[in-house]
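Here's a quick briefing on how some helices and strands pack in this one. Have a look at the model first.

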Amino acid sequence: MHLHLSAPDSACPTSVTPRLRASWRRSARYGLSAEEMRPVFTGSVDTGSLLYECGTAVLRGLQATLANEPVSMMITDPEGLVLSRICEDGTINRSLDRVHLAPGFYFAEENAGTNGLGLALADRAPSLVRAEEHYCAGLRGYTCAAAPVLDPVSGGVAGSVNLTTWSEDASELLLALAQSAAGNTTALMLARGAGRSAHPMPRGEVFRVYADRMSAPEASVLTPGWRNVFSEARSAFRNGRAVAVVGEAGTGKTALASLARRELRRERVLSVRPPAPDDAEAWLELWAPELGKDSTCVMISGVDRLPAWVTGELAGLLEQVRSDEGMAPYVLTASSAEEMPEELRRLVDTVVEVPALRFRPDDIQPLARHFARQRRRRDVEFTPAAMRTLTAYDWPENVRQLRQVVREAAGRTDLVDLHHLPPEVFTGPGRPLTRLESVERDEIIRCLTEPGTTVGEAARELGVSRATIYRKMAQYRITLPTKTPRPTP
């Protein structure tokens, strides 16, 4: 399968890449002209964020190696708001002020047309925009290289690093420097936000979903709140509507859609997940031919995380396979209806929202028992204290996180108690901990969760006072339920 982009705008340079042509078309759709930019000034920026702190530190280090070069280095948030600008060249700074490429201004595509940082954010990929490749004439005296900064935990776009210089000084090295700075910023964010694990990079998986293998057990353990959502999706499919299932990561959006469609007809279900930006074209070519096959449904996950040019291609493919009769041969998922790209939102008839697990506390006990049974191939018991802990936790990663926690605990015992659970489930939300703080918190929880151990006994084991233990519990937001009594000999 060969993918074709539609013809570029007549004013677009003929030698530009397909990504740039797509960006020019988007700029035109925003109503911008070559003579117009729409700078939006906020008046203030968040200088207390981890992105600002780490990005600024990385760029100051880079500045030391480029001290005599007319390069302006910037950090932006994911919406294109410029958070900081570092440059010692007064001439380029004054010039950038005149085009509003300065802290406090938004510089996304809808504000400034095709530009380096706007394209990097839209396509979630490193981008180099030279001179005449800019959509707005006011920017054609510059070359901009930008790369997205990925949040090390969620994997989403946290912002971007942008390097801007005069157009005549353009160099491919500029893009390599931007990519390096973005990667170093992500690494520093992970290091300074200790106690968190890095999110795996997108790989663009394409796999078959065997809904018939999971429909009976999965459906039987869920509460009426889930079944209401399930019924809503099934009804929409029955009426031939194109469906988008939205909700936080890990809530089970693909499973819900698979089960609902499976109850209506036997069909082959393929699930495709977003790829790394550089793999997007090969990813599309791999699975797009499946859209036209009989009795095949393709579930396209995370459409709000796709590069902008891929969104345009995907919308064209889905328009070709839509039918006025029968169920649409695709299902989309996203974090929310608002985050879904407009080009795809108009191809959806019904949006079904899957609530986060923290809003479904009654689901936690049956799900925990189900996941434990899957792991041990037999029933696993939970002490009342362990189940209260699981039920009280917020589960920021939803069902996916619950499954992992329960499977790890059930793999070690037939009776899950507090000391089988990880420290994270005993703590409330708070600031990221340093490595030393994480070790201290985990050791306190280890002592406190031993069966029958009192606070006083834990304090003696740790060599601190009871007052210190209580102070640390408050500091780390540690909450413990009433424990199972220590068994008598």
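What follows covers two helix pairs, one sheet and the helix lying across that sheet.

This is a predicted model, so keep in mind that local features need pLDDT of at least 70 and side-chain atom pairs count only at pLDDT 80 or more, while totals for chains, interfaces and linings use all residues. Residues are numbered from 1 along each chain as its sequence is written, and side-chain values use heavy atoms, with hydrogens and water left out. Helices (H or I, at least four residues) and strands (E, at least two) are DSSP runs, numbered from the N terminus.

**Helices α2 and α6**

- Helix α2 (residues 50–65) and helix α6 (residues 172–192) cross at roughly 135 degrees, and their axes come within 9 Å. Axes here are lines fitted to C-alpha atoms, for helices over the stretch in contact, and angles run from 0 to 180 degrees between N-to-C directions.
- That angle makes α2 oblique to α6; under 35 degrees counts as roughly parallel, over 145 as roughly antiparallel, 65 to 115 as roughly perpendicular, and the rest as oblique.
- The crossing of α2 past α6 is right-handed, meaning the near helix is turned clockwise from the far one by less than a right angle.
- On the α2 side, the contact (heavy atoms within 4.5 Å) includes Leu50, Leu51 and Leu62, and among the α6 residues are Leu177, Leu188 and Arg192.
- Sorted by class, the contact of α2 with α6 has 11 nonpolar, three polar and two charged residues. Nonpolar covers Ala, Val, Leu, Ile, Met, Phe, Trp, Tyr, Cys and Pro; charged covers Asp, Glu, Lys and Arg; the others, Gly among them, are polar.

**Helices α10 and α11**

- Helix α10 (residues 280–287) packs on helix α11 (residues 308–321) at about 15 degrees, with the axes 11 Å apart.
- That makes α10 roughly parallel to α11.
- Trp283 and Trp287 are among the α10 residues in the contact, and α11 brings Trp309 and Leu317, among others.
- The tally for α10 with α11 is eight nonpolar, no polar and two charged residues.

**The sheet and α9**

- Six strands make an open, mixed sheet in the order β8-β10-β11-β12-β9-β13. Strands pair if DSSP finds at least two bridges between them.
- β8 (206–209) and β13 (350–353) are the edge strands, each with a single partner, so one side of each has no neighbour in the sheet.
- β9 (residues 243–246) pairs with β13 in the parallel sense over four bridges, and valine 243 has threonine 350 of β13 as its bridge partner.
- Helix α9 (residues 253–262) lies across strands including β8 and β13, and runs at about 155 degrees to β12 (330–334).
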